[in-house]
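Here are a few exercises to work through with the model open beside you. Try each task before reading its solution.

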Amino acid sequence: MLAQKSDFTFLGLNIKGAIMSKIPKKVAILASLLFFITSCAAFKPFLDKERASKVKRVAIISFEVQQKQPKDAFMISKLGETSARRGDSKELREMSQKMYDFLRDRVMKKTGWKVASRNNFLNDEKYKNLYQKKMTGLKRVSMTSENTEIVHVTGILDNANYRSLSFAEKVSLAKSVGANAFAEYIAYQEIHQGYSLGNLTGEASFQMTNRSNLMVFGFDSEEPLWRVQNIDGEKSKSSKDLKGKKSVLEKLSIIGYESSKSSIDKTVNYYNKL
């Protein structure tokens, strides 16, 4: 993720500068409108059916979940064991792995493509070596908002380190597991804890939502052959409805996975709608 600048340039014009200069206001407004339209178009679901028809096997070589815990109306963000809500915790790793497997299953069923499994990557020397190099010790991380944890799948590159690779390197990784296309997925999860005095002690219940972004690439172009972005799933059930005594991390793992299902389903279903 890149930090946004307050100025932007379109058709050679600095829009903020244009508004503040002697350039006619109508021109500046028109340029702003065109920028808005083209920005919206960039998020519109897209499928190149001709290129997609040539895909036999896909490798999801990058997967990341960004889980955000916003402050409630009282500006409190305590959720019990907050210090333990880490992207590398066992519970959140289990959540992301289930999400990865669910995405893989849905892509296979909706597209008819074969999709490399996590074990294919864990057993591939080229991918394993790159993973160790990129994901251990000091490593790149995505830029996130306050109180956001980045969760990735054990053995799979996260978004920041995936994007540090050249296109040729991504193609090489996909080829190493027998694929002729590769994919990246990133989810944005948000915890909805409402507001109550329970937030002071971490005993308040919460719900979650998941936003999915999926892009699939062939080896012939750096432009995706399938792109579906910013697809929101339904709000999950409340953590208070979970049966049995569970830690906050266990609740986050269960609710997080459940919230991702409708988002992933809606994302992949676009394959038959485009």
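## Exercise 1: the cavity lining

The lining of the largest cavity has nine nonpolar residues, no polar ones and no charged ones. Keep in mind that this is a predicted model.

**Task.** Find which residues line the largest cavity, and which strands each supply at least two of them.

**Solution.** Start with the space itself: the largest cavity holds about 40 Å³. Next, list its lining: Val58, Ile60, Val107, Trp113, Val115, Ala183, Leu214, Val216 and Trp226. Finally, place them on the chain: β4 (57-68) and β8 (207-218) each supply at least two lining residues.

## Exercise 2: the length of a helix

**Task.** Check how the span of helix α4 (residues 90-111) compares with the expected one.

**Solution.** Helix α4 has 22 residues, so at 1.5 Å a residue it should span 32 Å. Its end C-alpha atoms lie 32 Å apart, which agrees. Just after α4 comes Gly112, with a positive phi near 85 degrees. Among the buried residues of α4 are Leu92, Met99, Phe102 and Val107.

## Exercise 3: classifying ring pairs

**Task.** Of the nine aromatic pairs in the structure, classify Trp113 with Tyr271 and Phe167 with Phe182.

**Solution.** For Trp113 and Tyr271, the ring centres are 5.4 Å apart and the planes stand at 80 degrees; since angles over 60 count as edge-to-face, the pair is edge-to-face. Trp113 lies in the loop between α4 and β5 (114-115) and Tyr271 in the segment after α9 (248-269), so the pair ties together parts 158 residues apart in sequence. Both Trp113 and Tyr271 are buried. Phe167 and Phe182, at 5.9 Å centre to centre and 55 degrees between the planes, form a tilted pair. This pair links helix α8 to strand β7.

Notes
Residues numbered from 1 in each chain as written. Predicted model: local features only at pLDDT ≥ 70, side-chain atom pairs only at ≥ 80, totals over all residues. Heavy atoms only, no water. Helix = DSSP H or I, 4+ residues; strand = E, 2+ residues; numbered from the N terminus. Expected span 1.5 Å × (residues − 1). Buried < 20%, exposed > 50% of the residue type's maximum accessible area, 1.4 Å probe, protein only. 1 Å grid on protein atoms, 1.4 Å probe; cavity = no way out; pocket = protein on both sides within 12 Å on 5 of 7 lines; lining within 4 Å. Points joined across faces, edges and corners; volume = space filled by probe spheres on them. Nonpolar A, V, L, I, M, F, W, Y, C, P; charged D, E, K, R; others polar. Phe/Tyr/Trp six-rings, centres within 6.5 Å; stacked < 30°, edge-to-face > 60°.
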